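Q: I would like to take a close look at one part of this protein and see how it fits into the rest. Please go through it slowly, since I am new to reading structures.

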Amino acid sequence: MEIWLNPACSKCRSAVEILDEAGADYTVRKYLEDPPDADDLRGVLTRLGLEPWDITRTQETEAKELGLGEWERTDAARERWIAALAAHPRLIQRPIITADDGSALVGRSEDAVREAVARTGGEETSNG
């Protein structure tokens, strides 16, 4: 399992605490330091079953500066959104957890994080 997080985010810190308490085996990707490229984003969006605008933090200053609120939310505009997220990773909703079963979810709630642990097969022995 992998968790994309921003260490300054309280939801991310909470998710890590839940993973640790569950004994989950996971890796951390600090996505502001190691930003996902367009291919990474396409892959995680497929796993999430979501569109790029679904994981975009539209209230961020950068989103407002880019005018994201006015962008179309269509198949034709999808790559534009992905390019914006790749160029401005701060706009990516967090944390995103990719489970070992091939799925992913946005771990904004404790229940979502626990669901990721369950999808991975429950408790493991290490973390990293």
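Q: Among the elements of the protein chain, which has the lowest mean pLDDT and which the highest?

A: This is a predicted model, and pLDDT is the predictor's confidence in each residue, on a scale from 0 to 100. Among the elements of the protein chain, the lowest mean pLDDT, 91, belongs to helix α5, which covers residues 110–119, whereas the highest, 98, belongs to helix α4, which covers residues 78–87. For the protein chain as a whole the mean pLDDT is 92, and 94% of its residues reach 70 or more. Over residues 123–128, however, pLDDT stays under 50, and for this stretch the model has 18 contacts beyond four places in sequence.

To place the two helices, it helps to look at the whole chain. The secondary structure of the protein chain consists of five helices and four strands, and, read from the N terminus on, the order of these elements is β-α-β-α-α-α-β-β-α. The radius of gyration of the protein chain is 15 Å, close to the 14 Å that the globule rule gives for 128 residues, so the chain is as compact as a globular protein of that length. Taken along the principal axes, the C-alpha atoms fill a box of roughly 45 × 25 × 25 Å.

Within the protein chain, 42% of the 128 residues are buried, and of the contacts with a separation of 6 or more, 66% are between residues 24 or more positions apart. The accessible surface comes to about 6600 Å², with 43% of it belonging to carbon and sulfur atoms. As for charge, the protein chain carries 16 positive and 26 negative side chains, and the centres of these two sets lie 5 Å apart.

Definitions and conventions. Residues are numbered from 1 along each chain as its sequence is written. This is a predicted model: local features need pLDDT of at least 70, side-chain atom pairs count only at pLDDT 80 or more; totals for chains, interfaces and linings use all residues. Side-chain values use heavy atoms; hydrogens and water are left out. Helices (H or I, at least four residues) and strands (E, at least two) are DSSP runs, numbered from the N terminus. The radius of gyration is taken over C-alpha atoms; the globule rule is 2.2 Å times the number of residues to the power 0.38. Buried means under 20% relative accessible area, exposed over 50%, partly exposed in between (1.4 Å probe, protein chains only). Contact means heavy atoms within 4.5 Å. Accessible areas come from the Shrake-Rupley method with a 1.4 Å probe; for residues, only the protein chains shown count as cover. Lys and Arg count as positive and Asp and Glu as negative; His and the chain ends are not counted. The place of a charge is taken as NZ of Lys, CZ of Arg, CG of Asp or CD of Glu.
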